[in-house]
Amino acid sequence: MARLEYRLYQEGGEFPLLYYYDRMGREESALRFACDYFVKEGVVYEKTSCAVEDSCYVIYVKQANDERTMPWGSPRTNGLHGLTLELREYKKFGADYRLVHTFVLPDSLEAMLYLQANYLYAEGKEWYKTSVEIDEDRETFVYYAVESDPYQ
């Protein structure tokens, strides 16, 4: 198991440590590398880059001043065990993002496939990914997407 660090990206080469996780598995580190955003303690961070160092994985982030946390609460899984991934409808100027579907995924590999996918299917429709995030405050991954235009 390696260490995962979130470092604040700043111009000028200073990258202060924000958060760290000792003994984090490669699978969870890879899931976090796949995310565009990171939510923790009510703050939304945008990923700028990732690095692999000796015995340490690093995700560089900056505060996403144009983003805000949402008051949705933890996802409901109806007693199912696994990783949760919410599919939410992205609206450019929306005040809220409608929950389309909550996926309960059995393991990290399945979650990685969903996070990396350009398209997911729910409600009998195809959804195109705009971004993904890990929301630690709510303990879930969020896949933001727009409905695909079937006539494109």
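A cavity is a set of points, on a 1 Å grid over the protein atoms alone, where a 1.4 Å probe fits but cannot get out; its lining residues have an atom within 4 Å of a point. The legends below describe a predicted model, in which local features need pLDDT of at least 70, side-chain atom pairs count only at pLDDT 80 or more, and totals for chains, interfaces and linings use all residues; side-chain values use heavy atoms, without hydrogens or water, and residues are numbered from 1 along each chain as its sequence is written.

**View 1. The largest cavity and its lining.**
The structure holds 1 cavity of 30 Å³ or more. The volume of the largest cavity is about 40 Å³ (the space filled by probe spheres set on points joined across faces, edges and corners). Its lining includes the aromatic residues Tyr-6, Tyr-37, Phe-38 and Tyr-45. Arg-32, Asp-36, Glu-46 and Lys-47 also line the largest cavity. Cys-35, Ile-59, Val-61 and Ile-134 complete the list. Strand 3, strand 4 (43–53) and strand 5 (56–63) each supply at least two lining residues (strands are DSSP runs of E, at least two residues, numbered from the N terminus). Strand 4 gives the largest share, 3 residues. By class, the lining has 8 nonpolar, no polar and 4 charged residues. Here Ala, Val, Leu, Ile, Met, Phe, Trp, Tyr, Cys and Pro are nonpolar, Asp, Glu, Lys and Arg charged, the others polar.

**View 2. The largest pocket, with strand 9 in its lining.**
The largest pocket (an open set with protein on both sides within 12 Å along at least five of seven lines) has a volume of about 230 Å³. It is lined by 16 residues. Tyr-37, Glu-67, Tyr-97, Glu-133 and Tyr-144 lie nearest the centre of this pocket. Tyr-37 is also on the list for the largest cavity. Strand 3 (37–40) and strand 9 each supply at least two residues of the pocket lining. Strand 9 gives the most, with 4 residues. The pocket lining divides into 8 nonpolar, 3 polar and 5 charged residues.

**View 3. Arg-138 and its acidic partners.**
A salt bridge (side-chain nitrogen of Lys or Arg within 4 Å of a carboxyl oxygen of Asp or Glu) joins Glu-86 to Arg-138, at 2.5 Å from N to O. Glu-86 lies in strand 6 (residues 83–89) and Arg-138 in the loop between strand 9 (125–135) and strand 10 (140–147), so this pair ties together parts 52 residues apart in sequence. Arg-138 forms a salt bridge with Asp-135 too, the closest N and O atoms being 3.7 Å apart. Which side of the burial cut-off does Glu-86 fall on, buried or exposed? Glu-86 is buried, because its relative accessibility is 2% (buried is under 20%, exposed over 50%, partly exposed in between, with a 1.4 Å probe on protein chains only). Arg-138 is buried as well, at 6%. Asp-135 is likewise buried, at 6%.

**View 4. A salt-bridge network that includes Arg-3 and Glu-5.**
Shared partners join Arg-3, Glu-5, Arg-7, Asp-22 and Glu-53 into one network of salt bridges. Within the network, the side chains of Arg-3 and Glu-5 meet at 2.7 Å, N to O. Arg-3 is partly exposed, with a relative accessible area of 22%. Glu-5 is buried, at 10%. The count of salt bridges comes to 14.

**View 5. Ser-148 after strand 10.**
Ser-148 lies in the segment after strand 10. Its relative accessible area is 14%, so Ser-148 counts as buried. What does Ser-148 contact, leaving aside neighbours within four places in sequence? Tyr-119, Glu-126, Trp-127 and Tyr-128 are in contact with Ser-148 (heavy atoms within 4.5 Å).

**View 6. Positive phi at Arg-23 and Glu-123.**
Arg-23 is not a glycine, yet its phi is positive, at about 60°. Arg-23 is found in strand 2 (residues 17–24). Arg-23 is exposed, because its relative accessibility is 64%. Glu-123 is not a glycine either, and its phi is positive at about 55°. Glu-123 lies in the loop between strand 8 (119–122) and strand 9. With a relative accessible area of 44%, Glu-123 is partly exposed.
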